[in-house]
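Hi everyone, thanks for having me. Let's take a few minutes to look at a structure together, and please keep the picture open while I talk.

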Amino acid sequence: MAPPNRAGSVPEREAARDGAVVSLGREGGVYADQFEIYHGNSNPGLARKICRYLGTEPGKLEVFQFANENIFVKILENVREKDVFLVQPTNHPVNQSIMELLIMIDAFKRASAGRITAVIPFYAYGRSDKKDQPRVPITARLIADMITVAGADRVLTMDLHQGQIQGFFNIPVDELTAVHMLSNYYRHKHIADPVVVTDLGFAKRARAFAELLDAPLAIIEKRRVGNLDRAELMNVIGDVRGKRAIIVDDEIDTAGTLTEIVRALEREGVTEIYACATHGVLSDPAVDRIRDSNLLEVVLTDSVPLPAVKRLPKITTLSVAPLIGEAIKRIHRGESVGALFSSEVSFTQEMLLWEDGQQRRMDTRLEPDHDPAGGEDAGDEAQDDEVLLGATGQGDR
């Protein structure tokens with residue numbers, strides 16, 4: 001099959017636009033003259049959004065199961081010496097997603113790809129990151145070893161359960177965070193008298209979340225009951241009475257801990273409760289628990305796909321596609337990824353909402369009395385996707 005007639009890579013397009021000459025050989029630290037994005041079956045929607053943001057198309061690839069459940073991968077175009085990014089979060093079905101990722105990596109390695117980056121927005125088994133009981137595995141390390149042995153050259157991920165998981169890899173790891181996007185979403189809502197609430201495991205990143213909102217931080221002390229998906233709350237550390245609480249975490253799985261925190265905050269006299277997390281796993285019975293709770297809104301990202309049956313009016317989805325797309329472009333160019341969260345933090349304040357298939361821009365840098373959905377900017381939403389997604393020049397600030 002002939003390869004599709006695609007536009008050049010982002011650096012090539014921007015160089016042509018600016019009239020500049022860009023060296024993209026190995027001497028410049030880049031493995032090929034263009035990058036290619038491929039994906040498996042775990043979250044094709046996110047991969048397509050990333051490609052649309054970057055102004056390219058997903059690569060041609062077949063990933064399917066035989067009748068005996070064996071997974072087969074076939075690359076339908078030449079990838080020799082190209083810079084390849086494989087978008088495959090390890091969400092439900094977790095074990096199948098992991099095997100698809102490993103087999104894809106092996107296929108590209110044997111097809112002589114120049115560099116293989118595993119883009120894993122959601123890293124499964126992240127909670128098995130330590131030997132906290134006798135005779136138990138450290139599965140997060142096992143998955144890291146498997147990805148490395150399969151042939152990945154680097155990993156791009158987002159909000160790992162614990163930062164030390166990066167050290168399980170013997171290859172470079174870039175860890176993005178959705179904390180800036182989530183915090184700026186709530187800044188845009190202008191919630192009066194807020195308090196940020198989290199547990200001890202997410203306290204460091206939640207502190208950055210609270211600083212961006214200029215809000216105090218309260219800590220929930222909890223302990224997990226055995227190996228069950230259930231936690232027992234111990235104490236609420238901090239002053240929350242009479243405030244509006246924003247619960248922040250890296251992952252919402254069964255929502256058992258979340259609903260326990262909601263009840264504890266209600267006992268402490270909190271007036272309104274919101275929640276947000278990077279990864280909305282939402283295993284059963286999470287949706288029912290969220291629906292029946294007094295949470296006003298739950299904000300998630302699309303690092304894990306949200307099926308239509310799990311969508312509730314109180315669940316809002318923010319897309320991490322622009323953030324991952326920027327990171328891919330910077331990795332390809334050999335530029336700083338960390339700059340997205342420091343000198344160029346303003347980029348993470350400009351977000352896209354992908355709720356129920358509708359796309360709109362939300363720039364939290366607007367003044368409080370400005371309505372981003374009305375006024376002079378209302379006509380912007382009628383522009384086509386390529387303009388709306390702002391695929392040109394986002395990383396050149």
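Let me begin with one ring: Phe72 is partly exposed, with a relative accessible area of 33%. Keep in mind that we are looking at a predicted model.

Which rings join Phe72 in a cluster? Ring pairs link it with Phe64 and Phe66. The centres of the Phe66 and Phe72 rings are 5.7 Å apart and their planes sit at 55 degrees, so that pair is tilted. Phe64 and Phe72 form a tilted pair too, at 5.5 Å centre to centre and 55 degrees between the planes. The partners of Phe72 are also partly exposed: Phe64 has a relative accessible area of 34%, and Phe66 is at 43%. Across the structure there are eight aromatic pairs.

Now let's go inside. The largest nonpolar core has 43 residues, and those touching the most other members are Ile37, Ile50, Tyr186, Phe209, Ile324 and Ile328. Try finding Ile324 on your screen: beyond its neighbours within four places in sequence, its contacts include Leu46, Ile50, Val119 and Leu176. Apart from that core lies another one, of 34 residues, with Leu61, Leu101, Ile116 and Phe169 among them.

Next, the charged side chains. The count of salt bridges comes to 20, and I picked three. In the first, Arg110 and Asp106 meet at 2.8 Å, N to O. Both lie in helix α3, four residues apart, about one turn of the helix. Why does that spacing matter? An α-helix has 3.6 residues a turn, so residues three or four places apart point the same way. Arg110 is exposed, at 64%, while Asp106 is partly exposed, at 25%.

My second pick is Lys329 with Glu326, where the closest N and O atoms are 3.4 Å apart. These two are three residues apart in helix α9, about one helical turn. Are they buried or exposed? Lys329 counts as buried at 2% relative accessibility, and Glu326 counts as buried at 0%.

The third joins Lys189 and Glu297, with 3.3 Å between the closest N and O atoms. Lys189 is in helix α5 and Glu297 in strand β13, so this pair ties together parts that are 108 residues apart in sequence. Lys189 is partly exposed, at 35%, whereas Glu297 is buried, at 8%.

One last stop is helix α7, where the buried residues include Leu258, Ile261, Val262 and Leu265. Just after α7, Gly269 takes a positive phi of about 90 degrees. Thanks for listening!

Notes:
Residues numbered from 1 in each chain as written. Predicted model: local features only at pLDDT ≥ 70, side-chain atom pairs only at ≥ 80, totals over all residues. Heavy atoms only, no water. Core = buried A, V, L, I, M, F, W, Y, C linked by side-chain atoms within 4.5 Å. Buried < 20%, exposed > 50% of the residue type's maximum accessible area, 1.4 Å probe, protein only. Contact = heavy atoms within 4.5 Å. Phe/Tyr/Trp six-rings, centres within 6.5 Å; stacked < 30°, edge-to-face > 60°. Salt bridge = Lys/Arg side-chain N within 4 Å of Asp/Glu carboxyl O.
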